[in-house]
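Me: I have a model open and would like to go through it with you. Could we begin with the contacts and then turn to the overall arrangement?

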2 protein chains.
Amino acid sequence: MKILKKLYLARSARKMKYQILLVDDHQILLEGTKAIIDGASDLFEVKDTAHTPERAQELLKNNDYDILITDYEMPNMKGLELIKIAKTVLPEIKTIVLSMHDEPSVIRELLKIGADGFILKKDTHQSIIDALDKVTRGKKFLSEDVSEILIHGIDDDKNKDLTPREVEITKLIAKEYSTKQIADILFISERTVETHRKNILKKTGTNNVVGLVRYAYKNNLV
Amino acid sequence: MKILKKLYLARSARKMKYQILLVDDHQILLEGTKAIIDGASDLFEVKDTAHTPERAQELLKNNDYDILITDYEMPNMKGLELIKIAKTVLPEIKTIVLSMHDEPSVIRELLKIGADGFILKKDTHQSIIDALDKVTRGKKFLSEDVSEILIHGIDDDKNKDLTPREVEITKLIAKEYSTKQIADILFISERTVETHRKNILKKTGTNNVVGLVRYAYKNNLV
DNA sequence: TAATCCATACCCGATGTTGGGTATCTTTTT
DNA sequence: AAAAAGATACCCAACATCGGGTATGGATTA
């Protein structure tokens with residue numbers, strides 16, 4: 001809190017812009033968002049952009065940023081992990097997630113690991129500016145739509161979280177591996193895989209693989 | 001061809017900008033892309049934007065545009081249908097599709113119905129400008145990545161198209177209906193559904209429902 | 001320490017899926 | 001008019017999945 005205020009004051013005293021690192025695997029969205037930010041406010045500036053999480057990681061290590069804005073769905077690494085890395089390298093950095101998906105579970109997970117803002121790609125550009133404004137003041141920002149989802153998605157909590165092992169198996173199922181193949185890959189018995197499978201079906205509230213694959217898609221396990 | 005050249009000359013003679021209608025259900029991408037186009041060239045101008053296909057349809061009927069740039073994946077209506085509508089209302093309009101997905105079948109389908117350009121969201125903003133440039137000269141534009149995909153996806157043609165009935169059944173399977181339920185819904189025998197099922201698996205090159213559901217997701221049947 | 005959770009593994013039986021066919025009738029294409 | 005494609009429907013056998021259990025050892029939490 002204290003650090004933040006100091007940072008904020010320092011910036012404004014020196015009339016410096018907040019330096020932003022923008023990450024998205026879609027080049028066009030990257031450039032579009034940069035155009036929005038650079039054009040809409042003279043308080044913020046996109047210092048660098050990265051279109052892979054790896055490149056972002058590299059930039060984070062060798063530069064100083066005030067804010068990280070990142071896509072959530074990216075190849076190899078989820079926005080989630082990138083945020084964790086960013087918070088480690090630059091503990092004071094503020095993070096905003098830009099996502100297509102509006103699954104309550106994902107949003108909750110992000111907030112839990114300390115993301116400061118969450119915006120959907122279908123929100124307006126004003127949301128981005130509002131979010132930047134809020135997070136630099138040390139507050140959390142959720143776009144209207146996101147709040148809406150959180151409120152109406154509460155009972156969704158009964159969807160108990162899958163255990164790590166169950167997530168692993170769900171992913172393999174969704175990759176078209178058979179029970180036998182999964183057993184071979186994980187060096188466990190087919191019976192065990194079947195047990196996991198049954199538990200997963202129960203937890204996800206479906207009664208066949210199709211439902212499971214749909215669950216995997218909705219929760220970005222694919 | 002003739003008409004196009006006339007249009008092109010007329011525009012430049014009058015020093016008028018090409019009028020663009022931009023359609024995308026993600027507000028941020030809409031505004032970002034608009035910023036890119038308006039900022040990068042004084043030959044083109046985003047006259048209107050729409051975040052639903054319905055709104056786009058309305059605009060198309062009451063206004064004149066030279067170019068339509070549309071997302072492919074949208075609720076209710078696919079970019080495909082919007083292009084058909086646009087070409088009906090304004091036969092001379094040029095159409096460019098902006099898509100996340102890089103399925104050869106989708107690209108081929110779009111080119112078949114007369115789309116003039118195809119860009120992936122992971123391409124650079126220069127691709128958009130290049131595309132605008134080309135299509136106003138009456139040429140087709142495929143971004144490098146897209147051409148790449150088309151070339152390496154040729155043998156994908158063995159993925160013979162599913163028949164209407166097969167598509168119908170695929171959708172039902174992907175909606176978690178069992179063979180028995182599908183038989184009831186379509187008033188046909190379970191045996192028939194099984195036959196369709198087998199043919200679909202063969203055509204899509206998979207050997208279980210999981211692969212089928214993945215196919216459904218990739219081809220926007222879900 | 002006791003209770004809970006997680007991962008492991010087995011049993012059983014019912015039901016569903018997959019892969020191999022063949023066959024008829026209608027519609028569309030050549 | 002002949003050929004091809006599409007939708008219908010059946011047979012059979014092998015295999016996988018699903019739903020109901022129970023059980024055990026290890027780790028974590030209360």
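Me: How far is a polar side-chain atom of Arg165(B) from a phosphate oxygen of DNA strand D?

Reply: The distance from a polar side-chain atom of Arg165(B) to a phosphate oxygen of DNA strand D is 2.6 Å. A polar contact here is a pair of N or O atoms within 3.5 Å; within protein, one must be able to donate a hydrogen and the other to accept it, and residues adjacent in sequence count only if both atoms are side-chain atoms. This is a predicted model: local features need pLDDT of at least 70, side-chain atom pairs count only at pLDDT 80 or more, and totals for chains, interfaces and linings use all residues, while side-chain values use heavy atoms, with hydrogens and water left out. Residues are numbered from 1 along each chain as its sequence is written, and chains are lettered from A and ligands numbered from 1 in the order in which they are written.

Me: Which residues come nearest to DNA strand D?

Reply: Thr179(A), Lys198(A), Thr163(B), Arg165(B) and Ser189(B) come nearest, out of 17 residues around the strand. A residue counts as near if one of its heavy atoms lies within 4 Å of the molecule or strand. Of the atoms of DNA strand D that come within 4 Å of the protein, 64% belong to sugar and phosphate.

Me: What about the phosphate distances of Thr179(A) and Thr192(B)?

Reply: A polar side-chain atom of Thr179(A) lies 2.6 Å from a phosphate oxygen of DNA strand D. For an N or O atom in the side chain of Thr192(B), the distance to a phosphate oxygen of that strand is 3.0 Å.

Me: Which helix gives the largest share of the surface near DNA strand D?

Reply: Helix 10 of chain B does, with five residues. Helices (H or I, at least four residues) and strands (E, at least two) are DSSP runs, numbered from the N terminus. Helix 8 (164-174) of chain B and helix 10 of chain A also supply at least two residues each.

Me: Now DNA strand C. Which residues come nearest there?

Reply: Among the 18 residues around DNA strand C, the nearest are Thr163(A), Arg165(A), Ser189(A), Thr179(B) and Lys198(B). Sugar and phosphate again appear, making up 64% of the atoms of DNA strand C within 4 Å of the protein.

Me: Which helix gives the most to that surface?

Reply: Helix 10 of chain A gives the most to the surface near DNA strand C, namely five residues.

Me: How far are the side chains of Thr192(A), Thr179(B) and Arg197(B) from phosphate oxygens of DNA strand C?

Reply: An N or O atom in the side chain of Thr192(A) is 2.9 Å from a phosphate oxygen. For Thr179(B) the distance is 2.7 Å, and for a polar side-chain atom of Arg197(B) it is 2.9 Å.

Me: Changing topic, what rotation superposes chain A on chain B?

Reply: A rotation of 180° with 0.2 Å of shift along its axis does so, with an RMSD of 0.9 Å. The two copies are therefore related as by a two-fold rotation axis. In chain A, the C-alpha nearest the axis belongs to Gly32(A), 1.8 Å away. The superposition is by least squares on the C-alpha atoms of residues with pLDDT of at least 70 in both copies.

Me: And the sheet in chain A: what is the strand order?

Reply: The open sheet of six strands runs 2-1-3-4-5-6, with parallel pairing. Two strands pair if DSSP finds at least two bridges between them. The edge strands of chain A are strand 2 (44-50) and strand 6 (141-142), each pairing on one side only.
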